[in-house]
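Please walk me through this structure step by step, as you would for someone who has not seen it before. I would like to follow the chain as a whole and then some of its parts.

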Amino acid sequence: MDTAIIIPTFGQEDYTVRCFDSIAEHTNGYRLIWVDNGSSQESKDLVMTSFQNHRDRKLIDNAENLGFVKAVNQGLRLALKDRGVKYVVVQNNDTIVTAGWLDRMRTIMKTQPRAGVVGPVTTYGAAQQAWKHIWKGKPVDEENSAARQKALARKYGDASAETPIVTFFCTMFRREVYDELGLLDEDYGVGLWDDQDLCDKMRRARWKIVVALGAYVRHHHRTTFKAVYSNQEIESMKKKNQ
């Protein structure tokens with residue numbers, strides 16, 4: 001198994017179930033690492049059936065909410081203990097993957113040795129917004145992911161585009177990036193701007209940051225943050241981390 005997928009969660013079990021189910025439906029050749037950040041037992045029980053549909057799976061069950069950055073680092077340490085793992089996906093639970101998503105990102109990694117990180121096209125997220133690449137400013141229909149995926153795959157296949165940053169809602173890293181630059185910087189607390197920080201380090205180390213134009217992943221954007229923190233608290237954290 002050369003790819004591990006790390007998904008941290010805190011509550012929001014409906015999103016997690018949809019995420020896990022979409023991975024099971026559309027993905028081959030992976031290990032799923034679920035890092036739960038102190039969700040209630042009821043919440044975890046509701047997710048467990050979907051989690052058990054993944055043959056190669058690991059659960060890190062935290063007693064409290066450590067935040068996104070520390071939870072991801074826990075998953076990374078576990079994943080990278082296995083020297084057979086070449087690629088690690090850091091993924092939010094408020095995502096839904098589509099056909100070919102992982103294979104297209106993995107193909108880019110295998111054919112571009114200096115590609116250190118690859119992200120998919122999405123409904124939201126800076127350089128990865130789908131309409132920048134194919135829909136010319138038109139809103140993305142959240143319920144029509146299959147059609148969006150097919151349109152991107154038909155137009156772009158395994159093509160990629162370099163970008164200054166990819167956001168970490170669903171991002172594949174080469175293990176050598178962590179070997180060289182280390183894990184996510186936990187000074188960023190529960191999260192925000194940790195992705196900018198690592199991408200800055202990667203560019204200075206001459207790693208390429210790319211978008212897989214034929215891979216499509218829906219993203220609902222900050223559902224856990226919005227459930228836990230007020231808009232004022234989120235803005236304060238963004239300013240501090242920036």
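How many helices and strands are there in the chain? In this predicted model, the chain has 9 helices and 9 strands. It is made of 242 residues, of which 54% count as buried, and it exposes about 11000 Å², with carbon and sulfur atoms supplying 46% of that area. Among the contacts in the chain with a separation of 6 or more, 80% are between residues 24 or more positions apart.

One place to begin is strand β9, which covers residues 208-219 and is mostly covered, since 11 of its 12 residues are buried. Several strands pair with β9. Strand β6, residues 115-122, runs parallel to β9 and is joined to it by 7 bridges, and within this pairing P120 has A212 of β9 as its bridge partner. Strand β5, residues 95-97, runs antiparallel to β9 and is joined to it by 3 bridges, with T95 standing opposite H219. Strand β7, residues 160-162, also pairs with β9 in the antiparallel sense, over 3 bridges, and here A161 stands opposite V211.

A second strand to follow is β4, and the question here is how many of its residues are buried. The count is 5 of the 5, so β4 is largely enclosed by the rest of the structure. Its side chains are divided between two directions, with Y87, V89 and Q91 pointing one way and V88 and V90 the other way, and all of these residues are buried. Strand β1 pairs with β4 in the parallel sense over 4 bridges, and the residue of β4 that serves as bridge partner to I5 is V89. Strand β8, residues 170-174, pairs with β4 in the antiparallel sense over 5 bridges, and in that pairing V89 stands opposite M172.

From the strands we can turn to the nonpolar residues. In soluble globular proteins, nonpolar side chains tend to be buried together. The largest nonpolar core of this model holds 34 residues, and F173 and M202 are the ones that touch the most other members. At least two residues of this core come from each of β1 (3-9), β2 (31-37), α3 (67-80), β4 (87-91), β6, α6 (175-181), α7 (194-204) and β9, and α3 gives the most, with 7 residues. Leaving aside neighbours within four places in sequence, M202 is in contact with G116, V117, F173, V177, L181, W207, K208 and I209. Apart from this core lies another, of 27 residues, which includes F20, Y30, V47 and I108.

Helix α3 deserves a closer look through one of its residues, V72. Is V72 buried or exposed? The relative accessible area of V72 is 0%, and because buried means under 20%, V72 is counted as buried. Apart from neighbours within four places in sequence, V72 is in contact with I6, P8, V90 and L184. In the case of L184, the two residues are 112 residues apart along the chain, yet their C-alpha atoms are separated by 7.8 Å.

A loop offers another buried position, for H54 has its place between α2 (41-51) and β3 (57-62). With a relative accessible area of 0%, H54 is buried. Which residues is H54 in contact with, leaving aside its neighbours within four places in sequence? They are F20, I23, A24, Y30 and L32. With one of these, Y30, the side chain of H54 also makes a polar contact of 2.5 Å.

The last element on this path is helix α5, residues 145-156, whose 12 residues should span 16 Å at 1.5 Å a residue, and the distance of 16 Å between its end C-alpha atoms agrees with this. The buried residues of α5 are S145, R148, Q149, A151, L152 and A153, and what covers them includes α4 (101-111), β6 and β9, so that the path returns to the strand where it began. Just after α5, G157 takes a positive phi of about 55°.

Key:
Residues numbered from 1 in each chain as written. Predicted model: local features only at pLDDT ≥ 70, side-chain atom pairs only at ≥ 80, totals over all residues. Heavy atoms only, no water. Buried < 20%, exposed > 50% of the residue type's maximum accessible area, 1.4 Å probe, protein only. Contact = heavy atoms within 4.5 Å. Areas by Shrake-Rupley, 256 points an atom, 1.4 Å probe, with all protein chains shown as cover. Pairing = 2+ DSSP bridges. Polar contact = N/O pair within 3.5 Å; in protein donor to acceptor, adjacent residues only side chain to side chain. Expected span 1.5 Å × (residues − 1). Core = buried A, V, L, I, M, F, W, Y, C linked by side-chain atoms within 4.5 Å.
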